[in-house]
Amino acid sequence: LTVTDNGRGIPVDPHPKYPGKSALEVILTTLHSGGKFDGTAYSTSGGLHGVGVSVVNALSSETLVEVARDKTLYRQRFARGLAVTPLDKVGPAPNKRGTTVSFVPDTEIFGADARFDPARLHRLARSKAYLFAGVEIRWRCDPALASEEVPEAAVFQFPGGLADHLREQLGDRECVTAQPFAGRQDFPPTSDGQPQGSAEWAVAWPLWTEGEHESYYCNTIPTPDGGTHEAGLRAALTKGIRAFGELVGNKRAKDITADDVMNGVELMLSIFIRNPHFQSQTKDRLTSLEAARFVEAAVRDHFDHFLADNMDR
């Protein structure tokens with residue numbers, strides 16, 4: 001499997017805390033290192049080209065990384081969590097930039113019969129395009145693995161981000177409000193002006209639904225068990241509904257609970273924060289305390305305006 005991007009490229013400079021190693025080698029061989037460098041280049045890492053590449057390397061019998069950065073191409077090989085060659089300065093790359101990671105899963109870990117699931121990877125690539133509104137993701141698949149469900153080639157790009165995804169999920173079902181509640185907001189910067197991330201959300205209350213349809217992400221990592229970002233969204237929606245009820249003279253509004261508000265909801269929430277903390281290595285639940293505060297503050301004002309604009313519903 002090969003993943004290529006056209007970003008600025010994983011840093012290749014010597015790492016200040018690991019003498020004799022480049023930042024690239026540290027990222028590929030040290031768990032939890034991807035999002036902890038100074039500056040903003042990797043402040044929202046979390047996909048394959050971020051925190052996850054060290055895990056990929058540890059579980060692969062062969063990993064090849066090529067970085068086109070500062071008009072120069074670099075290459076290094078890894079295996080089973082370790083570097084097997086030094087960082088090689090291949091030569092000039094004036095018209096190229098970004099990172100390419102190719103890897104082969106270790107059969108000693110996964111078994112000789114282990115195979116990638118093309119349909120699952122296809123869905124994952126598509127979901128990443130929703131999480132980065134406007135980004136273009138190009139999918140290519142070996143013709144021998146293609147099927148009716150999995151094309152040989154496709155391009156995913158969704159300018160509306162999560163709102164586009166939710167509308168597709170809702171289909172032609174009628175909702176309580178004519179339009180989903182969707183938006184995006186940057187978190188306030190630090191005192192020295194450093195960005196702290198952002199939140200994007202899309203929420204709807206269809207008149208009928210089957211099962212649970214709540215999707216939460218942090219730095220594009222799915223967090224199926226929710227966490228602190230979920231708590232922030234629940235608080236914003238619940239407090240917003242209560243305040244609106246009181247505004248229009250509904251005396252029972254003060255008794256509304258979060259379970260009332262979230263019953264039957266279908267939503268997607270995606271946040272980007274620096275140095276996220278999760279409950280476990282599988283990252284099923286976000287535990288960063290500041291996420292609850294950030295999300296609640298980001299969503300609440302937008303929700304108040306949304307309710308006021310939908311008085312008829």
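The exchange below concerns helix α8 and the strands β9, β10 and β13 of a predicted model.

This being a predicted model, local features need pLDDT of at least 70 and side-chain atom pairs count only at pLDDT 80 or more, while totals for chains, interfaces and linings use all residues. Residues are numbered from 1 along each chain as its sequence is written, and side-chain values use heavy atoms, with hydrogens and water left out.

Me: How do you know that the span of helix α8 agrees with its number of residues?
Reply: The expected span is 1.5 Å times one less than the number of residues, so the 21 residues of α8 (289–309) should span 30 Å, and the end C-alpha atoms are 32 Å apart, which agrees.

Me: What makes Arg-300 the centre of a kink in α8?
Reply: The bend at a residue is the angle between axes fitted to the seven residues ending there and the seven starting there, and the kink centred on Arg-300 is about 25 degrees.

Me: Why is β10 called mostly covered?
Reply: Buried means under 20% relative accessible area (1.4 Å probe, protein chains only), and seven of the seven residues of β10 are buried, so the strand is mostly covered. Ser-198, Glu-200, Ala-202 and Ala-204 point one way, Ala-199, Trp-201 and Val-203 the other, and all are buried.

Me: How do you know that β10 pairs with β13?
Reply: Two strands pair if DSSP finds at least two bridges between them; seven bridges join β10 to β13, which run antiparallel, so the two strands pair. The bridge partner of Ser-198 in β13 is Phe-272.

Conventions: Helices (H or I, at least four residues) and strands (E, at least two) are DSSP runs, numbered from the N terminus. Buried means under 20% relative accessible area, exposed over 50%, partly exposed in between (1.4 Å probe, protein chains only).
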